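Colleague: Please take a close look at the loop segment and at the aromatic contacts around it and beyond. I should like one connected account.

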Amino acid sequence: MEYVIEMLNIRKEFPGIVANDNITLQVKKGEIHALLGENGAGKSTLMNVLFGLYQPERGEIRVNGKKVNITDPNVANNLGIGMVHQHFMLVDKFSVTENIILGSEPSKAGRINMRDAIKQVRQLSEQYGLRVDPEAKISDISVGMQQRVEILKTLYRGADILIFDEPTAVLTPQEIKELIEIMKTLIKEGKSIILITHKLKEIMEVCDRVTVIRKGVGIGTVNVSDTNPNELASLMVGRDVVFKTDKTEANPAASVLDIKDLVIKDTRGVAAINGLSLEVRAGEIVGIAGVDGNGQTELIEAIAGLKKAESGTISLNQKEIQNLKPRRITESGLGHIPQDRHKHGLVLDFPIGENMVLQTYYKKPYSKNGILNYKNIYQKAKTLIKDYDVRTPTEYTLARALSGGNQQKAIIGREVDRDPDLLIAAQPTRGLDVGAIEFVHKRLIEQRDRGKGVLLISFELDEVLNVSDRIAVIYEGKIVAIVDPKQTTEQELGLLMAGSTVTRKEGEHSNV
Amino acid sequence: MSKRLINILVPVVSVLLGLIAGTIIMLVSGYNPIEGFSALFYGMFGEVFYTGETIRQVTPYILSGLAVAFAFRTGLFNIGVEGQVLVGWLASVWVGLAFDLPKVIHLPLAIIAAAAAGALWGFIPGFLKARFRVHEVIVSIMMNYIALHVTNNIIRTVLSKNSDRTPDVPKSALLKSPFLEAHTDFSRLHWGFLIALAGAFLMWFILEKTVKGYELRSVGFNHHASEYAGMNVNRNIILSMVISGAFAGVAGSMEGLGTFGYASIKGGFTGIGFDGIAVALLGGNTSVGIILSAILFGGLKVGALNMPLETGIPTELVDIIIALIIFFIASSYIIRWAITRFNKKGVK
């Protein structure tokens with residue numbers, strides 16, 4: 001009776017693949033249990049089995065020691081299992097309370113008793129320290145608060161075991177801290193939590209035990225206190241993972257990208273980029289560090305020709321490109337790994353193969369006289385899929401069906417293969433697991449070593465510090481400092497990013 | 001379930017449901033459903049005359065279906081096919097009347113004029129969408145009314161002296177064929193069905209085989225990514241509406257140069273354009289699907305004429321039965337949507 005949830009030797013097959021093979025997961029009452037695995041390792045499948053969305057081919061599930069048959073999510077709800085989905089299932093136009101009671105409204109003669117519902121939601125919210133306004137509209141509240149609404153939804157339905165599916169993927173660092181506090185409160189109140197994640201830092205911080213799965217197979221369960229991030233990473237990936245990316249000294253040559261006094265107005269007419277100057281030379285990686293919303297997006301879009309520059313110049317290979325059409329800029333040597341791969345990087349309803357020629361389809365050998373040559377397109381796609389280790393059943397599979405990491409690898413393959421003189425990598429590792437992150441970083445450094453310029457924009461300080469040769473700090477649409485990653489610290493960067501120039505000035509004074 | 005199986009199963013089930021609903025209606029109103037339906041099917045294909053009439057009716061349906069589907073495949077909803085049909089009809093007749101040319105030039109010219117008129121009518125909502133983000137549904141609906149009354153006025157004042165129809169188009173611009181008529185017991189079958197089939201091939205070819213088609217589909221699925229990749233999204237929106245309108249315009253010429261050989265004042269819409277929406281959706285917006293669903297729509301429309309004659313079922317009831325069959329077929333789009341939604345969830 002020690003375990004609240006036991007999933008024993010679970011096997012789940014899909015046509016052509018075994019998503020879960022002999023996985024055992026045992027969760028103790030009152031613990032935070034991490035489920036760790038790479039993108040596509042089978043974590044979500046296992047949780048969907050527990051939540052009743054899939055039926056396992058083999059294995060059994062026990063809740064509080066009793067064997068159960070979870071045929072659909074309602075059964076799971078009744079057993080006290082609740083799921084906080086990665087992509088929120090909320091009605092934007094409804095209030096918090098309306099969303100929470102949706103499907104189990106307290107009603108009398110067909111009328112919903114809103115007063116009671118609001119009271120109940122408020123009480124739950126206070127009990128677990130969730131700080132949610134029951135009467136606010138979903139569309140008006142932050143992503144972090146929407147997630148808390150999802151948590152309340154499960155609590156309202158009487159969940160004792162909460163599954164969190166990659167809960168921190170969409171949150172800011174501050175919100176992550178709050179979420180961790182909330183999880184701790186939930187445990188104190190007697191709940192148990194399964195945390196699906198591939199972020200090792202979080203596991204080390206909040207979890208008690210961790211079960212690792214790799215390529216659909218259960219690797220085992222370890223106590224977090226007995227392990228370390230390196231061991232977890234190698235358990236997950238199946239080989240040793242290097243966190244510190246190896247690279248030689250940069251050997252920068254001529255300037256590839258030269259931005260001078262750039263001004264860009266945002267949709268409201270306010271200057272989002274306000275007199276920014278920046279240089280990227282061939283053979284170096286320049287990292288841009290900054291808090292989200294300080295003009296990073298506008299800067300990338302202006303370089304790519306998607307946003308109008310009000311004044312100033314952008315030169316690519318010594319030729320001015322500001323306000324040219326995106327295609328002209330692409331053809332003059334720009335590669336771009338966009339921030340939002342679903343929105344800007346891929347046509348999800350195209351086969352992955354057709355996505356591989358999204359910028360080159362009109363050129364030989366992919367087309368001739370306006371007629372596409374599918375043979376050449378798919379041949380190219382096949383090569384890229386192999387070279388960049390994109391895991392997809394075939395090159396004809398829709399891009400939508402691939403996991404996030406593999407979609408990202410496909411984009412990187414496409415962009416790097418065009419051999420651009422300047423590669424913009426915006427948040428290139430968002431949502432990727434350590435193995436894929438390592439892969440992406442290696443490719444960026446490879447491009448640099450081949451004498452290309454790389455502009456890296458990331459909100460992860462680790463990444464900027466680790467990969468860049470120079471770091472440019474952006475604050476309120478300007479580059480406020482350029483620092484050497486070997487001589488700076490996270491603290492110093494943090495201060496610069498927050499607009500403080502004190503440390504730098506002091507340093508300058510002491511040098512004089 | 002495989003995708004192909006679903007694609008076949010869904011329309012078959014929905015047609016069956018429609019027939020069952022029709023049966024119930026006939027039983028309730030005291031008519032023999034077996035007699036009723038056999039009259040319906042006899043009226044579609046029972047005699048060569050009916051077959052000829054059915055094919056004639058199918059011809060504009062294929063083209064208007066293609067018009068809707070082409071826009072749909074590129075992410076646009078062209079509700080203005082009806083108006084584009086009307087201007088195409090008028091343009092083809094106008095060119096037919098205005099020139100005296102040998103047939104090899106005159107007939108193609110009249111059809112091209114129809115395509116151009118439809119394209120212009122499609123260009124306007126396309127341009128407004130691309131330039132000012134005005135929704136194409138609103139503009140194209142309004143363009144239907146403009147088309148209806150403008151064409152009526154031109155017929156009354158320019159192409160005739162206050163009459164309610166134009167003179168007959170000379171033979172050199174007609175699709176009519178004495179040969180086809182003679183072999184179908186003097187139905188109004190004309191050569192237009194070849195043009196419709198060529199149109200279906202053309203749509204498939206443009207969308208699937210050409211660079212432009214790749215761009216159009218890409219913009220339809222995700223215009224953000226297309227813009228990032230350097231495609232000109234606005235130009236593609238306009239182009240899509242123009243090509244869509246051209247298909248619709250040619251559909252109009254099928255009536256103007258084939259079925260009727262003239263243009264007449266209309267009290268209301270022809271229905272070819274609106275039915276085209278259903279034809280396209282039922283056909284899954286693919287060329288082959290559209291041909292099949294156009295046959296069904298055209299067949300029902302022609303076959304229904306025979307029901308009151310043979311069985312005494314009143315025309316109003318026939319209309320309800322036909323509407324029910326189409327209703328269930330139209331809901332197949334919902335069924336298909338539901339099935340694919342369900343399947344997608346299952347795969348995740």
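Modeller: A residue is termed buried under 20% relative accessible area, exposed over 50% and partly exposed in between (1.4 Å probe, protein chains only). This is a predicted model, in which local features need pLDDT of at least 70, side-chain atom pairs count only at pLDDT 80 or more, and totals for chains, interfaces and linings use all residues. Residues are numbered from 1 along each chain as written, chains are lettered from A in the order written, and side-chain values use heavy atoms, without hydrogens and water.

Asp185(B) has 46% relative accessibility and therefore counts as partly exposed. Asp185(B) sits in the loop that links α7 (178-183) to α8 (192-209) of chain B, helices being DSSP runs of H or I with at least four residues, numbered from the N terminus.

As for the aromatic contacts, the whole structure holds 22 aromatic pairs over all chains (ring centres within 6.5 Å, with the six-membered ring used for Trp; planes under 30 degrees apart are stacked, over 60 edge-to-face, the rest tilted). One of them is the tilted pair of Phe350(A) and Tyr214(B), with 5.3 Å centre to centre and 40 degrees between the planes. This pair joins two chains, because Phe350(A) belongs to the loop between α11 (341-345) and α12 (352-355) of chain A and Tyr214(B) to helix α9 (residues 211-221) of chain B. Both Phe350(A) and Tyr214(B) are buried. Trp191(B) and Phe193(B), by contrast, form a stacked pair, at 6.4 Å centre to centre and 25 degrees between the planes. Trp191(B) is partly exposed at 35% relative accessibility, and Phe193(B), at 23%, is also partly exposed. Finally, Phe350(A) and Tyr214(B) belong to one aromatic cluster with Tyr361(A), Tyr362(A) and Phe221(B).
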